Every structure is written in C-alpha cells, then in structure tokens.
Amino acid sequence: MSESHFVKVGVLAETLRGERRVALVPDVAAKLIASGFEVVIEAGAGELASFTDDAYRKVGLMVSLDRHALLGMADVVLSVQPPLLEDVAQMRAGAVTISFLQPSTQGALIAALATRGVTALSLELLPRTSRAQSMDALSSQSSLAGYKAVLMAANRLGKFFPMLMTAAGTIPPARVLVLGAGVAGLQAIATARRLGAVVEAYDVRPAVQEEVQSLGAKFLALTLDTRQGEGGYAREQSEEFLNKQREGLAEYVAANDVVITTASVPGRQAPRLLTAAIVAGMRRGSVIVDMAAESGGNCELTRPGQVIEVDGIWIDGTTNIPSTMALHASQLYARNVTNLIHLLGSPGDLKLNFEDEVIRGCCVTHAGQIVSERARQLMGMIAAQEAIRQEVR
Ligand code: NAD
C-alpha cells in the first residue's frame, strides 16, 4: 500500500452468532471523519448495538450493502471478532485490520492474512502498559463483563444484595466471593460492593491485595507459594498448587452466596478452581458466574454458553458477556481502536513504526510474514507453518 492509501476505514458487520457489538459507533466515527478519514460501514452493522444505519449516515459515514466492495476499498478494516477467512481474499494487500484476532484459535486466518500481505493487529496482544491503556480493548471489555457478571448473579440469587432493615425484620447482606482480581474481578468487586454485598476476593498475585482492600473487600490470604508471572500477569500454577488452592478455598466458597470466577492465565486453559465437590458444599440457591467459561472454565461443572442448575446451585457459563452490554461495549471498543488508528499514522500517512512497543506488540502479520513471536507461540508454530504452506500452494 502506498502511504497515501491510509484514508479509508471500513467497518464490518459482525457475523458470529450472539455478537451484538460493532467496532465503531457514530460519535466516535464522526471524530475519525473530522480528523480526515473516510469511513464506510456495512449496512446493519450497528443494529444490535442500537445504532441505525441512519445514525451513521447523519455523521457522514457511507453505508455499504456490499461487504466485498467495502473490503476491497478499505485501508483499515475494523471488526470486533476476527474477519472471516473468506474476507481475506477481498482485502487489499497492505491494508491493516484491527480486531480481537484470537491468535490461539485462528491459525488458518492468520496464515491467510500474512499471505495476502495484510497487516493484522490483534488487540489481545497489546502490551498492558500505561501508554497503551487508551487502546486496551481487553481491559475495556473485561471491565464491562465484571460489572455485568454481578448483575447476572444478583438477578438469579433469591436474596437481596444489601442489608435491609424492614418492619418484617432484618435481612443480612449477600456474601460475594470473587476469584481472580484482574480487570474483570476488580470491577465485579466494585459492583457487588455498590449493591451492598459483603465481598471477599482471592488472586494468585499478592500485588492486588491493596486494590481489593481499597474497594472495600477482604483479600483472602491463603498463604500459598505462588509462581510469579511477567508483565503483571499470573503464571500457570502447578497442579499441586491448584490442589492446595482448592482445599483452601472450599470453606470460603461454601460460606458465600455468589462466587464470580475470573481467573485466567494468558494463552492457557483457565485454572480449575471449583470442583464438583466444592460446588456441592454450597448452599442451595447459591450462584456461580464462571467468567472463564470460554477458556475452559474455572468450575468443573460449567457448560460454556449455558446456565445450569446442579442440586439447587446455579452455574452461569454465559459467554461473550460484553456483548450483552453492546452499546457501551461498542462505544469503548470504538474509542480503543480509534486511538490505535491514530497511533498508526495520520490520514494519508501510515507510519507503522515498529520501534513502538505498542505496534510491535500487537502486530501479528505484516508484509507477508507472521511477525509476532507471541502469536506464533499461541498459534503453535507447526500449525501456522503448515497453514502458510497450504495457502501458498
Ligand atoms: P487475566 O484476565 O489474564 O486474569 C484474571 C486474573 O486471574 C488475574 O488477576 C490473575 O492473576 C488471576 N489468576 C490467574 N490464575 C489464578 C488462580 N489460580 N487463582 C486465582 N486467580 C488467578 O488478567 P487481566 O484482567 O487481563 O489483567 C492482568 C494484569 O494486567 C493485571 O495485573 C492488571 O492490573 C494488568 N493490567 C495492566 C494494564 C495497564 O497497565 N495498561 C491494563 C490492564 C491490565
């Protein structure tokens, strides 16, 4: 792509079942246009997030009924979920695509993007630095999910969250346990506290203790010897550790009405924190919301995408929780990707500065290559190489 081609932004309609978000919302698109970009959106793309085609037209976007044509003209392709494999053939060589690319499961797509000469940026791989915060879609979406998970639990629990003193007697507050105090967990703690629950939390990273306490929750110190990770992330713990952790947690789980689990280790299967036996120790009517349902589940009984009841205990395995708050999820996502676009260059002047750790960190394919070591690790090197070989053939 010649540098002057960094002008047209194309926004895809999401195709994944249940995905209600859209990558760009009208007021954020208007700012992109004001800064000199042209923006085209696929017809109906914002519908499920409450943004009509007319709302986009009003702020100066073109609305296209033709996905192929949109892909063919876009210098930057925006979506929430990864583009479809069949989209790649329509993309321009040298175009940039920004999405949650999901490198661990999208090997064939990534190989196709590389072969096509598309520069693919994966929002999951954005470094978690303060400079990258305004572009950090993983955080913005996790925060929404943490909030919503508590509302989902409150909605199912047959109890009040706050303590209530009524003429008919006093109702004690609900008790909520949050496992994993990253972005989603901290927002879950804050939300449960705002609703008046008594909240406890646990994380393998002792560094979060102060944050948990500052939100008014109690941090459970299980006195376990945790393996420390890098870059603020947790590391995968040994099975021996997880056994001890489960033993230590069981009595707290049993004492709580709601357990929100958010524990996750990047690129790995979610740690198993709740066994069937631990769940069986909970009171009837208790609720578990397993926010790690998509990555294997923190609870042994979770069924991804389903809410089940096991002996009177609810286990909510809802996936893609941010999509249930599509309006604000899209708004925050739109701001994240727009900030990233501005980092890539200005209209007509794509810079793609690989000295910049943010760009280097999230760029998966560029100029015909898979350039991200991290993505290669996540994809599994061999699978990726095989896919490229097949594409080239
Ligand atoms: P995540 O979704 O990868 O994991 C969620 C939480 O699960 C983490 O806090 C992790 O420690 C915890 N966990 C893992 N294994 C566990 C186990 N066995 N038991 C209990 N808890 C377990 O995390 P995240 O929300 O994406 O955040 C990861 C880190 O990145 C945090 O330190 C966060 O503060 C940091 N962060 C920094 C920035 C920034 O500076 N720009 C932005 C976002 C997040």
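Helix axes here are lines fitted to C-alpha atoms over the stretch in contact, and angles are taken between N-to-C directions. The model is predicted.

**Figure 1. Helix α6 against helix α7.** Here's where residues 137-156 (α6) pack on residues 183-194 (α7), with the axes 7 Å apart and at an angle of about 40°. Angles under 35 degrees would count as roughly parallel, so α6 and α7 come out as oblique to each other. The crossing of α6 past α7 is right-handed. On the α6 side, look for S139, S142, S143, G146, Y147, V150 and L151; α7 answers with V183, A184, Q187, A188, T191 and A192. Sort those contact residues by class and you get 7 nonpolar and 6 polar, with no charged ones.

**Figure 2. Helix α6 again, this time with helix α11.** α11 covers residues 326-344, and its axis comes within 9 Å of the α6 axis. The two cross at roughly 165°. Anything over 145 degrees counts as roughly antiparallel, and α6 and α11 are therefore roughly antiparallel to each other. α6 passes α11 in a right-handed crossing. From α6, the residues to pick out are A137, S140, Q141 and L144, which meet H328, A329, L332, Y333 and N336 of α11. This contact has no charged residues either: the split is 5 nonpolar and 4 polar.

**Figure 3. Helix α1 alongside helix α11.** Now swing over to α1, residues 26-34, whose axis comes within 9 Å of the α11 axis. The crossing angle is roughly 15°. With the cut-off for roughly parallel at under 35 degrees, α1 and α11 are therefore roughly parallel to each other. α1 passes α11 with right-handed geometry. α1 brings D27, V28 and L32 to the contact, while α11 brings Q331, A334, R335, T338, I341 and H342. Charge does turn up here, as the contact of α1 with α11 has 2 charged residues along with 4 nonpolar and 3 polar.

**Figure 4. The second largest pocket.** Last stop is an open space with a volume of about 180 Å³. Its lining takes in L16, R17, G18 and E19, together with G305, T318, T319, N320, S323 and T324. Which class dominates the lining, nonpolar or polar? Polar, with 7 residues, against 1 nonpolar and 2 charged.

Key:
Residues are numbered from 1 along each chain as its sequence is written. This is a predicted model: local features need pLDDT of at least 70, side-chain atom pairs count only at pLDDT 80 or more; totals for chains, interfaces and linings use all residues. Side-chain values use heavy atoms; hydrogens and water are left out. Axes are lines fitted to C-alpha atoms, for helices over the stretch in contact, and angles run from 0 to 180 degrees between N-to-C directions. Helices (H or I, at least four residues) and strands (E, at least two) are DSSP runs, numbered from the N terminus. Angles under 35 degrees count as roughly parallel, over 145 as roughly antiparallel, 65 to 115 as roughly perpendicular and the rest as oblique. A crossing is left-handed if the near helix is turned anticlockwise from the far one by less than a right angle, and right-handed if clockwise. Contact means heavy atoms within 4.5 Å. Ala, Val, Leu, Ile, Met, Phe, Trp, Tyr, Cys and Pro count as nonpolar, Asp, Glu, Lys and Arg as charged, and the others, Gly among them, as polar. On a 1 Å grid over the protein atoms alone, a cavity is a set of points where a 1.4 Å probe fits but cannot get out, and a pocket is an open set with protein on both sides within 12 Å along at least five of seven lines; lining residues have an atom within 4 Å of a point. Grid points are joined across faces, edges and corners, and a volume is the space filled by probe spheres set on the points.
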